[in-house]
Amino acid sequence: QVQLVESGGGSVQPGGSLNLSCAASRSISDSYVTGWYRQTPGKQRELVARIITDGPINYAAFVKGRFIISNDYANNTILLQMNSLKPEDTAVYYCRYCSSYECRDPYDYWGQGTQVTVSS
């Protein structure tokens, strides 16, 4: 089992920045995939960014150049630096930890979500 606890969400004006953190109860070094996803009411959860161990870092087209994902291996934390935020970035953001490349039960873990609101 892996417990994930997100923090860092909140309200910000357009053009502002937020840094999200996701503390994992298991070593990040044991992960195969870590990532951030987001969801708005009535829509499916969508990929924001993910790190594939020994593989690429993937970003959704809508955040490229604005968001940066990284793993803090010393503190077992998944980070998402969000810059130049837009109102359409408003969503609940979830972190994900996969202990297999398959990223499905029983190897798939999610945080509880943190709200990000971008509004003037």
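**Exercise 1. In this predicted model, find what the side chain of R38 makes polar contacts with, and decide whether R38 is buried or exposed.**

Step 1: Start with D89. The side chains of R38 and D89 are joined by a polar contact of 2.9 Å.

Step 2: Now look at Y93. Its side chain makes a polar contact with the side chain of R38, this one at 3.0 Å.

Step 3: Place R38 in the fold. R38 sits in strand 4, which covers residues 33–39.

Step 4: Check the accessibility. R38 has a relative accessible area of 6%, and the cut-off for buried is under 20%, so R38 counts as buried.

Step 5: List the surroundings. Leaving out residues up to four places away in sequence, R38 touches Q44, R45, E46, V48, F62, V63, E88, D89, A91, V92 and Y93. Both polar partners, D89 and Y93, are on that list.

**Exercise 2. Work out which residues form the covered face of strand 3 and which form the uncovered one.**

Step 1: Recall the rule. In a regular strand, side chains alternate between the two faces of the sheet.

Step 2: Apply it to residues 18–24. The covered face of strand 3 holds L18, L20, C22 and A24, while N19, S21 and A23 make up the uncovered one.

Step 3: Pick up two bridges on the covered side. C22 is the bridge partner of E6, and L20 has L80 in strand 8 as its bridge partner.

**Exercise 3. Build the sheet that contains strand 3: in what order do its strands come, and which are the edge strands?**

Step 1: Pair strand 3 with strand 1. Strand 1 (residues 4–7) runs antiparallel to strand 3, with four bridges between them.

Step 2: Pair strand 3 with strand 8. These two are also antiparallel, and six bridges join strand 3 to strand 8 (residues 77–82).

Step 3: Add strand 7. Strand 7 and strand 8 are antiparallel too, over six bridges; here D72 stands opposite T77.

Step 4: Put it together. You get an open sheet of four strands in the order 1-3-8-7, with antiparallel pairing. Its edge strands are strand 1 and strand 7 (67–72), each pairing on one side only. Ignoring direction, neighbouring strands of this sheet are turned by 15° against each other on average.

**Exercise 4. Describe the whole chain: how many helices and strands are there, and how compact is the chain?**

Step 1: Count the elements. The chain has 11 strands and zero helices.

Step 2: Compare the radius of gyration with the globule rule. The chain comes out at 14 Å, close to the 14 Å the rule gives for 120 residues, so the chain is as compact as a globular protein of that length.

Step 3: Add the extents. The C-alpha trace spans about 40 × 30 × 25 Å along its principal axes.

Step 4: Look at burial and contacts. Of the 120 residues, 41% are buried. Among contacts with a separation of 6 or more, 55% come from residues 24 or more positions apart.

**Exercise 5. Hunt for backbone oddities: which residues other than glycine have a positive phi, and where is a cis peptide bond?**

Step 1: Set the baseline. Most residues other than glycine have a negative phi, and most peptide bonds are trans.

Step 2: Check S84. Phi of S84 is positive, about 50°, and S84 lies in the loop between strand 8 and strand 9. With 40% relative accessibility, S84 is partly exposed.

Step 3: Check C103. Its phi is near 50°, and C103 belongs to the loop between strand 9 and strand 10. C103 is buried, at a relative accessible area of 15%.

Step 4: Find the cis bond. The peptide bond from D105 to P106 is cis, with omega near 0°. P106 lies in the loop between strand 9 (91–98) and strand 10 (108–110).

Terms used
Residues are numbered from 1 along each chain as its sequence is written. This is a predicted model: local features need pLDDT of at least 70, side-chain atom pairs count only at pLDDT 80 or more; totals for chains, interfaces and linings use all residues. Side-chain values use heavy atoms; hydrogens and water are left out. Buried means under 20% relative accessible area, exposed over 50%, partly exposed in between (1.4 Å probe, protein chains only). A polar contact is a pair of N or O atoms within 3.5 Å; within protein, one must be able to donate a hydrogen and the other to accept it, and residues adjacent in sequence count only if both atoms are side-chain atoms. Contact means heavy atoms within 4.5 Å. Two strands pair if DSSP finds at least two bridges between them. Axes are lines fitted to C-alpha atoms, for helices over the stretch in contact, and angles run from 0 to 180 degrees between N-to-C directions. The radius of gyration is taken over C-alpha atoms; the globule rule is 2.2 Å times the number of residues to the power 0.38.
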